[in-house]
2 protein chains.
Amino acid sequence: MSNIIRQALGQICNITDEEWNKLLPFIKTRSIKKNHVLLEQGSKSINFYFITKGLVRFYYSTPEGKEFNKSFHHENDFVGSLLTMKRDMPSTFSIQALEDCELIVINYKEFNTLYDEHRCWDRIGRIMAEELAIRKELREKEFLLDSAEARYESFKAEFPDLQNRINLGHIASYLGITQVQLSRIRKNIK
Amino acid sequence: MSNIIRQALGQICNITDEEWNKLLPFIKTRSIKKNHVLLEQGSKSINFYFITKGLVRFYYSTPEGKEFNKSFHHENDFVGSLLTMKRDMPSTFSIQALEDCELIVINYKEFNTLYDEHRCWDRIGRIMAEELAIRKELREKEFLLDSAEARYESFKAEFPDLQNRINLGHIASYLGITQVQLSRIRKNIK
DNA sequence: GATCGTTTTTAACATAGGTTAAAGGAAATT
DNA sequence: AATTTCCTTTAACCTATGTTAAAAACGATC
């Protein structure tokens, strides 16, 4: 099971057996059912996760009871709240399983101790953070420049595999519009 | 001059004299005038910059000739195109001086060689990328959840010092709305 | 202080998107 | 197959924002 995560990390930076053995005690596996809330907005998380199977959504909840999807993550993604992990602050969003999931759980504080052990962990952390920043910049650009219709087309182009796994309500929420408006857009396109 | 940048980096991670002397040959200083375009969208940059004085905007240009401000940066900010630097791709945005600026110029390819020299550079790169990712996540959240009026209030709260240095047209462009709409919002607030 | 360029506001009209509620469809359950 | 639940579309109406153009305010310069 943990071979999968070693392979994923190994693509970023080579990890020696010695370093790998330091990580092993900090990780375990976990299964969660569809609809389970893995992390609740407002709480602090001590873990981050690697998804070996399934699909989750990150979402913000507003005081008015609305929800907005921040992102979707599936097989081979690392997921967690950067803010909680880096600054020990309550998470600004929740994480919920949209399908039954198999996860690898990594204790963040323990993982943190590795940074001073070997440079490979800083390297891995740097490149993962850079990739995240690039993805978030792209989404910022789309919100800034593109219409909701264009954002919908981008979503379909970027995540063709997710189209059939995620219902339109969740997609609309990711695009920052209502289900009604997405329905109107879909009618226009056809 | 380069003391300033060493101090800024030193707050992230200690840099030994030996490591610092490896960086020194890769940096130089440069002055640019207001309105000068430092990086043109579509071109590749070989440098990134540290601003010691002045103010710049990052902006996207559309095929229709419109411009949208991505971000503003001033004294003590590191600026550059992550995409150009990390993936050797043309920059998706331009950089223009909004005031006369004093810059420290760092050659990215040369800087890149430092990563294998000492772990402090991976550490610095990691933490800078993490901070960038956190800022971009916050802006994503504001686009997703907040009205233009709320985003304007957030802008004023987050950058109180920039209010008098940036004209309303540029602020509207940063918020993703027109100058006309920002004017209406300002009228409503008062 | 008159003139010129820039920034900001205002007006009038057009479009995108929100709200609420109901109707249709699709899929799961009994 | 009938029932229930969830997902998607449609309709009617309302608000936020875009577009274009002009006016007003502001600042710099001569």
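1. Start at DNA strand C. A backbone N or O atom of L168(B) sits 2.7 Å from a phosphate oxygen of that strand. This is a predicted model, and the distances here should be read as values computed from it.

2. Two residues of chain A also reach the phosphates of strand C. An N or O atom in the side chain of Q181(A) is 2.9 Å from a phosphate oxygen. For K66(A), the corresponding side-chain distance is 3.0 Å. So much for single atoms; the wider surroundings of strand C follow.

3. The protein places 18 residues around DNA strand C. Those that come nearest are K66(A), Q181(A), R184(A), L168(B) and Q179(B). Both chains therefore appear in that list under the 4 Å cut-off for a near residue. Of the strand C atoms within 4 Å of the protein, 60% belong to sugar or phosphate, and the rest belong to bases.

4. Which elements supply the surface near strand C? At least two residues each come from α8 of chain A and from α7 and α8 of chain B. The top contributor is α8(B), with 6 residues. By class, the surface near strand C divides into 5 nonpolar, 7 polar and 6 charged residues.

5. Now DNA strand D. Here K66(B) has a polar side-chain atom 3.0 Å from a phosphate oxygen. Q181(B) brings a polar side-chain atom to 2.7 Å from a phosphate oxygen of strand D. T178(B) uses its backbone instead: an N or O atom there lies 3.1 Å from a phosphate oxygen of this strand.

6. Around strand D there are 18 residues, and L168(A), Q179(A), K66(B), Q181(B) and R184(B) come nearest. Sugar and phosphate make up 60% of the strand D atoms that come within 4 Å of the protein.

7. The surface near strand D draws at least two residues each from α7 (168-175) and α8 (179-189) of chain A, and from α8 (179-189) of chain B. α8(A) gives the most, with 6 residues. The classes are 5 nonpolar, 7 polar and 6 charged residues.

8. Next, the protein-protein contact. Chain B puts 38 residues into it, and chain A puts in 38 residues. In chain B, the residues losing the most area to chain A are R119(B), E140(B) and L144(B). Together they account for 19% of what the chain B side buries. Between them, the two chains bury about 3600 Å². Carbon and sulfur atoms carry 59% of that area.

9. How many salt bridges cross the interface of chain B and chain A? The rule finds 18. One to inspect on screen is R126(B) with D122(A), where the closest N and O atoms are 2.7 Å apart. The count of residue pairs in polar contact between chain B and chain A is 20, with both residues at pLDDT 80 or more.

10. Where does the chain B side of this interface come from? The elements giving two or more residues are β5 (67-74), α3 (82-87), α5 (119-145) and α7 (168-175) of chain B. The largest share is that of α5(B), at 19 residues. By class, this side has 15 nonpolar, 7 polar and 16 charged residues.

11. A last point for reading the views together. α7 of chain B gives residues to the side that touches chain A. α7 of chain B also supplies at least two residues of the surface near DNA strand C.

Conventions. Residues are numbered from 1 along each chain as its sequence is written. Chains are lettered from A and ligands numbered from 1 in the order in which they are written. This is a predicted model: local features need pLDDT of at least 70, side-chain atom pairs count only at pLDDT 80 or more; totals for chains, interfaces and linings use all residues. Side-chain values use heavy atoms; hydrogens and water are left out. Contact means heavy atoms within 4.5 Å. Buried area is the accessible area (1.4 Å probe) that two parts lose on being put together, summed over both. A salt bridge is a side-chain nitrogen of Lys or Arg within 4 Å of a carboxyl oxygen of Asp or Glu. A polar contact is a pair of N or O atoms within 3.5 Å; within protein, one must be able to donate a hydrogen and the other to accept it, and residues adjacent in sequence count only if both atoms are side-chain atoms. Helices (H or I, at least four residues) and strands (E, at least two) are DSSP runs, numbered from the N terminus. Ala, Val, Leu, Ile, Met, Phe, Trp, Tyr, Cys and Pro count as nonpolar, Asp, Glu, Lys and Arg as charged, and the others, Gly among them, as polar.
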